[in-house]
Structures are given as structure tokens and as C-alpha cells.
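Visitor: I would like a close look at one part of this model, a single residue in a strand, and then a connected account of what lies around it. Please take the part first and the whole afterwards.

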Amino acid sequence: MKQYNFYGWETANIKAPHGMTPRDLYDVLSEIWCEYTCAPRLRANWSEDNRTLGQCSITAFLAQDIFGGKVYGVPREGGNYHCYNVVDGCVFDLTSEQFGDEKLCYENNPEQFREVHFAKEEKRLRYEYLKNELTKKIGSMC
């Protein structure tokens, strides 16, 4: 099996109705994540070598669209949250690579809601762009 560097990749065996796994989604998103989809406050540091930088919330909510489950957030400095997914007890974080060797705690974190995150229009637009590009690559998401 191909090895990945995102948190939970080894046990991310859940499948969407069309057969996609989180590893499959990571592979496709790796071709889509770009400076535009990166959070504006982090864009200056975005690079092809760190494609997951600033992509967490839009990626986690897109994964929720595909796999269901809930999105949670690891508290970060400045009142921000790093978002990840939990689906039927399976915890995975498609964008954890951006933190390098830093170990995040994936227990007892608050649930995150798209209504709160997408109240920021720029974030909603980045999410819609990511979703549209994904649909172009794989067709229907369900």
C-alpha cells in the first residue's frame, strides 16, 4: 500500500457510496490545492512542497460532504482552529502535513460548523472552488 503523511491515513478505510476513500481524496486534492485555495493569511508561505498549508477547513468540510461524519477543530493560537474529520470513529486529517513534525491532539476538540466558517465569504468561495475542481476531476461526488 502507498504510504501517506497525513494523520490517520493507515486506518482511513471508510468509503463513500462511489468507492472513494480518504486516501483517494487526498490524491486528487493534491492536484488541486493551490495558492488560491490557501487561507489568505498563510498564502505568502504556501508552496508546492507544502500544498496542504492553509487548506484545513475547506478540505475538512469537503470531506464531510463526501464521507459524512463531523468536523472538529484543534485549537490554535489566535483563536483559530485546525479542522479534521471523524467518520464512524475513524479520525483523519488530510492537511496535517502542513505542521511538519508537530504532533496535534485529536481528542476532546470542539465540533466545527460550516455556517460559522463559511460566514467568511472568502472561505466559502475557496471551498466552492475546491469542490468545483474536484467535481471536474472525478465527476459526481456521490
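Guide: Gly73 sits in strand S1, which covers residues 70-75, and in this predicted model Gly73 has a relative accessibility of 0% and therefore counts as buried, the cut-off being under 20%. Leaving aside residues up to four places away in sequence, Gly73 touches Tyr81, His82, Cys83 and Tyr84, and also Asn109, Pro110 and Gln112. Ala60 is 13 residues away from Gly73 along the chain, and the C-alpha atoms of these two residues are separated by 9.8 Å.

Ala60 leads on to the empty space inside the model. Rolling a probe the size of a water molecule over the atoms shows where empty space is left. The count comes to one cavity of 30 Å³ or more, and the largest cavity has a volume of about 30 Å³. Its lining is made up of Cys56, Thr59, Ala60, Cys83, Tyr84, Asn85, Asp93, Leu94 and Thr95, and the elements that contribute two or more residues to this lining are H2 and S2. Sorted by class, the lining of the largest cavity holds five nonpolar residues, three polar ones and one charged one. Cys83 and Tyr84, which are among the residues that Gly73 touches, thus appear in the cavity lining as well.

Open spaces can be described in the same manner. The largest pocket encloses about 590 Å³ of space, and of the 25 residues that line this pocket, Arg41, Leu42, Cys56, Asn80 and Tyr81 are the closest to its centre. Two or more lining residues come from each of H2, strand S2 (81-87), helix H3 (114-117) and H4. The lining of the largest pocket is divided by class into nine nonpolar, nine polar and seven charged residues. Cys56 is named both among the residues closest to the centre of this pocket and in the lining of the largest cavity, while Tyr81 is one of the contacts of Gly73.

The second largest pocket has a volume of about 240 Å³. Its lining consists of Asn5, Phe6, Tyr7, Ser96, Glu97, Phe99, Gly100, Asp101, Glu102, Lys103, Leu104 and Tyr106, and by class these residues are five nonpolar, three polar and four charged.

Helix H1, which spans residues 22-29, shows how a helix is covered in this model, since six of its eight residues are buried and the helix is mostly covered. The buried residues of H1 are Pro22, Arg23, Leu25, Tyr26, Val28 and Leu29, and they pack against helix H2 (56-67), strand S3 (90-92) and helix H4 (121-138). An α-helix has 3.6 residues a turn, so residues three or four places apart point the same way.

Two loop residues deserve attention for their backbone angles. Most residues other than glycine have a negative phi. Asp88, although not a glycine, has a positive phi of about 50°; Asp88 is found in the loop between S2 and S3 and is exposed, with a relative accessible area of 77%. Asn108, likewise not a glycine, has a positive phi of about 60°; its place is in the loop between S3 and strand S4 (111-112), and Asn108 is exposed too, at a relative accessible area of 80%.

It remains to set these parts within the whole chain. The protein chain has four helices and four strands, and read from the N terminus its elements run α-α-β-β-β-β-α-α. The radius of gyration of the chain is 14 Å, close to the 14 Å that the globule rule gives for 142 residues, so the chain is as compact as a globular protein of that length. Along the principal axes, the C-alpha trace spans about 35 × 35 × 30 Å. Of the 142 residues, 48% count as buried, and Gly73 belongs to the buried ones. Among contacts with a separation of 6 or more, 58% are made by residues 24 or more positions apart, and one may set beside this figure the contacts of Gly73 with Asn109, Pro110 and Gln112. The accessible surface of the chain comes to about 7600 Å², of which 47% belongs to carbon and sulfur atoms.

Notes. Residues are numbered from 1 along each chain as its sequence is written. This is a predicted model: local features need pLDDT of at least 70, side-chain atom pairs count only at pLDDT 80 or more; totals for chains, interfaces and linings use all residues. Side-chain values use heavy atoms; hydrogens and water are left out. Buried means under 20% relative accessible area, exposed over 50%, partly exposed in between (1.4 Å probe, protein chains only). Contact means heavy atoms within 4.5 Å. On a 1 Å grid over the protein atoms alone, a cavity is a set of points where a 1.4 Å probe fits but cannot get out, and a pocket is an open set with protein on both sides within 12 Å along at least five of seven lines; lining residues have an atom within 4 Å of a point. Grid points are joined across faces, edges and corners, and a volume is the space filled by probe spheres set on the points. Ala, Val, Leu, Ile, Met, Phe, Trp, Tyr, Cys and Pro count as nonpolar, Asp, Glu, Lys and Arg as charged, and the others, Gly among them, as polar. The radius of gyration is taken over C-alpha atoms; the globule rule is 2.2 Å times the number of residues to the power 0.38. Accessible areas come from the Shrake-Rupley method with a 1.4 Å probe; for residues, only the protein chains shown count as cover.
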